[in-house]
Amino acid sequence: MGAQFLVIHVTEAPRPFVAEALAVDPRIELVERATDEIAKLLSKLKMQAEVAVVSGSVTEETYNRAMEFAADLLIIGRHAAKGIVGRLHPHAYAIIRQSLCPVISI
């Protein structure tokens with residue numbers, strides 16, 4: 001179909017007390033680790049996609065990246081666990097509510 005994909009992954013910023021106690025900014029390691037894992041997954045799936053791994057508010061950063069990409073569709077994941085825990089991620093409702101395009105949850 002010629003679709004372009006953007007994978008958005010947001011790492012939540014650590015609590016200020018924890019961040020101050022560490023010599024190295026933990027956000028850097030979280031972003032690098034997530035970027036590597038996404039690259040491996042895309043390679044395994046033989047997919048090409050732009051990747052945006054950022055640190056901050058999940059809802060705000062997802063909205064901002066989708067807007068910058070001019071997304072026509074937003075696909076969000078669910079937890080793998082069964083039952084109530086396996087349903088929508090805690091940020092899903094806010095993402096769905098703020099999205100300017102249709103949202104699919106898988």
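In the predicted model, a salt bridge joins the side chains of Glu 37 and Lys 40, with an N to O distance of 3.8 Å. The two residues are three positions apart in helix α2, so about one helical turn separates Glu 37 from Lys 40. The structure holds four salt bridges.

Helix α2 spans residues 26-45, and Leu 45 also lies in this helix. Leu 45 belongs to a nonpolar surface patch together with Phe 5, Leu 41 and Met 47. The combined accessible area of these four residues is about 370 Å².

Helix α2 also contributes to the largest pocket, whose volume is about 1,300 Å³. The lining of this pocket comprises 36 residues, and α2 provides the largest share of them, six residues. At least two lining residues each come from β1 (6-11), α2, α3 (58-69), β3 (74-76) and α4 (92-98). Nearest the centre of the pocket are Leu 6, Val 7, Ile 8, Ile 75 and Ile 76. Of these, Leu 6, Val 7 and Ile 8 fall within the range of β1, and Ile 75 and Ile 76 within that of β3. By residue class, the lining consists of 25 nonpolar, seven polar and four charged residues.

Confidence in the prediction varies along the chain. The mean pLDDT of the protein is 83, and 80% of its residues have a value of 70 or more. The highest confidence is found in α3, with a mean of 91, a helix that also supplies at least two residues of the pocket lining. The lowest confidence is found in helix α1, residues 16-21, where the mean is 57.

Definitions and conventions
Residues are numbered from 1 along each chain as its sequence is written. Side-chain values use heavy atoms; hydrogens and water are left out. On a 1 Å grid over the protein atoms alone, a cavity is a set of points where a 1.4 Å probe fits but cannot get out, and a pocket is an open set with protein on both sides within 12 Å along at least five of seven lines; lining residues have an atom within 4 Å of a point. Grid points are joined across faces, edges and corners, and a volume is the space filled by probe spheres set on the points. Helices (H or I, at least four residues) and strands (E, at least two) are DSSP runs, numbered from the N terminus. Ala, Val, Leu, Ile, Met, Phe, Trp, Tyr, Cys and Pro count as nonpolar, Asp, Glu, Lys and Arg as charged, and the others, Gly among them, as polar. Patches are made of residues with over 30% relative accessible area and no salt bridge: like charges are joined within 9 Å, nonpolar side chains (Val, Leu, Ile, Met, Phe, Trp, Tyr) within 5 Å. Accessible areas come from the Shrake-Rupley method with a 1.4 Å probe; for residues, only the protein chains shown count as cover. pLDDT is the predictor's confidence in each residue, from 0 to 100.
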